[in-house]
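Student: Could we go through this one together? I'd like to hear the reasoning behind each label.
Tutor: Sure, ask away.

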Amino acid sequence: KQWYQRRVAITAGGSNTKSRLTARTMFTLAHTHGDILREGWKNILECILQLYKSNLMPNALYQAFDFVQGHVQIQLEERLPAKQDQGLFSSIFSLLNADTSGRGPTTQDLEAQKQAKACIQECQPQKLFTDSKYLQEDSLMDLVQWLIQFSGGPHVHAKNKTDFSEYTSAVFIELLATVILENRSRIVRLWGPVQNHLNSIVSPATAQTFLVERCIVTLLRLTVRMVGRIPTSDEILHSIIILLLLRPNLAQRNSVSICFGLYELVKESLGSEISHDNWRVIFALLEMAGGGVKPPTVIVRQVFTAEKSDTTLVPPIPSETNLMEESTKSAEPSDDHSFEELDETSVFREEEADAGEGVPDGSLRDDKIIMPDPMTAVHQPSEDITQWTIEYVEEEKPDHQLEIGLANSYFNHNPAALGKACETLSIIIRDSSIVRSDNFNLCVHAVRVFAETYSTGNRTEKDKDNVTGLIQLLDLMHTLHTRALSIFKPPNVEGQRVPLNDSSLQPIVGEVWTRCWCPLLQGIARICCDVRKDVRQAGLTYLQRALLAHDLRALAAVEWEACFRQVMFPLLAKLLEKITTDAMALEETRMRAATLLCKAFLQHLSPLLALPGFTDLWIDILDFMDRYIHSGSSDLLGEAIPENLKNMLLVMSNGGVFDDEDNHRQERQRQADMTTSGSLWCTTWERIDKFLPHLR
């Protein structure tokens, strides 16, 4: 019925000369005297709304920008419901009660509709928004505020007692984005209301809608177009933290758009200075959308910084818009995906923010982000911009971490989103100007998250789709591994790098080991346990290259002991499990891993001898040799293990490890590690005789 009424109105307006003249006059006055418009913008937008519903607007206003389809325009026009099939009696009833609303348009009607559309095309309504850069600031602010009202969500239209359609709201979201992009020089006054408006639609959403999708894309699009081009781009870039409040089902449904948008954002930001807080947000979004990782805990707090005052204001959060209560409600699952409910609320109140204050920068993993309340008033003071702050909370880890995987909470991930996220991460890591000491651990964690997602996402041995992605991640890990020391190592007085044997470098080497080398080696070791043989073989190749790298010679004995206990031993233990049904391929992997253990031990034997617990480490290695020689079904390990063990014993004997006069043995005697110089020799053969009695 409404469609028929609009068709009649279009026909009447198109055939009426006075109606067409009125439309031309209205738009001409708006184009010429837009500076004096205040409340009048509401009436003009009402007219545009009716023109949109009547399908009379220019085609460009029925389309929207989209990241995923390669900047291909997508239609925004609301589709009429499909005609339902009618039964015999229903068809007879419709025929007997038919009226003129069911007949098709006549030739005169089509001509009138054509004249109406030509008239609106001649009026150029789109220029009201593209030429908004010429408006005075007061008129521009009123235009923006009315666009916000017309593009509001269901709660806004219910409050204003107006009809809500997500398609019409999406149209005005696109018009709002056009106005913002045309007024980048005045973004300081415009961005506060706009970001809170987008936040008020995105954050409370529990189900996927077209409007939520358009708001997410619009936020990313505006950020991409602003970054590096205006003085306040860093503050605007930080606004994408809103997306971390998405519920798991919405994060998964929009993951492709988010990852494609972040890809464009990183490309546009090359050469621009991005703060550490913003890098945290970018990496958190990449891990959430690409890797399917539960996002960091978000703490709600809104802070305004006024230009005329140095006082920081923290407005109270209304009880009726308690986001914490909203977030604890179970999210509606999508039609084609199921999601776990969060085991804890992802949004905390402002009072909980004080729990982590005072934690120094440089923590291994930050997991709390303070955000403004998305349900506060849309129109803040025009001279204020929302400040987004980050709270650092150091991740608690055991002294000896025996797991090479990451203990994150994972949701279903989209393969296309994961692939794009890896491309984005590759751009970041391969640009030497981006990776710095303050965001290095973010790169390390992200590459490990993606590797974990690739490894756990498809557990079938016949799957080959993820092999290329994992090989690419191995290369990124190796790139980070080789550049770690050069990034953290300071230059000397002459501006040249400090040599590895310099004593002043030891504290830095310890930090590099904890923050960089150890997590990267664990990530590579995790890939070595993949179900696919090609991935395991590539992982072992990269792991050997990393363990025998020149820079690792700067590690002290305690770091090398940690390398064996936190990287090699967990890897060897994991490979003892039945990770694949191909027994021969698994046995070949075990042989390569055991050989790598022997090479790493012999390569770094000198620093290891200074360990007080060298004997315990050596016995643990022999224990793994025992377990591996009995794990194979063929002679592959039975032949390789004795040969490796002979080489180790020969090198240790030639190096004087079992010699009474060896200085290292005397040092360990003073530390009460052994009572006699011959005890290591006796202990060694006592352990070897249990599984290789004929080795002597």
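Student: What makes K420 and E423 a salt bridge?
Tutor: A salt bridge needs a side-chain nitrogen of Lys or Arg within 4 Å of a carboxyl oxygen of Asp or Glu. For K420 and E423 the closest N and O atoms are 3.5 Å apart, so the pair fits the cut-off. Both lie in helix α17 (residues 415-430), 3 residues apart, about one turn of the helix. Helices here are DSSP runs of H or I, at least four residues, and strands are runs of E, at least two, numbered from the N terminus.

Tutor: A word on the source: this is a predicted model, where local features need pLDDT of at least 70 and side-chain atom pairs count only at pLDDT 80 or more, while totals for chains, interfaces and linings use all residues. Residues are numbered from 1 along each chain as its sequence is written, and side-chain values use heavy atoms, with hydrogens and water left out.

Student: Why is K420 called buried?
Tutor: Buried means under 20% relative accessible area, exposed over 50%, and partly exposed in between (1.4 Å probe, protein chains only). K420 has 14%, so buried is the label. E423 has 35%, so that one is partly exposed.

Student: How do you know that D620 and R565 form a salt bridge?
Tutor: Their closest N and O atoms are 2.7 Å apart, which meets the rule. D620 lies in helix α25 (residues 614-629) and R565 in helix α22 (residues 557-575), so the pair ties together parts that are 55 residues apart in sequence. D620, at 22% relative accessibility, is partly exposed, whereas R565, at 18%, is buried.

Student: And what makes R214 and D66 a salt bridge?
Tutor: The closest N and O atoms are 3.8 Å apart, so this pair passes too. R214 sits in helix α11 (residues 210-226) and D66 in the loop between β1 (63-64) and β2 (74-75), so parts 148 residues apart in sequence get tied together. Both residues are buried. They also belong to a salt-bridge network with E174 and R221. Across the whole structure, the search finds 22 salt bridges.

Student: Why isn't C119 in a disulfide with C123?
Tutor: A disulfide is a pair of cysteine sulfur atoms within 2.5 Å. The closest cysteine sulfur to that of C119 is in C123, 4.4 Å away, so it is too far for a bond. C528 misses out as well, because its closest cysteine sulfur, in C529, is 6.5 Å away. By this rule the count is 0 disulfides.
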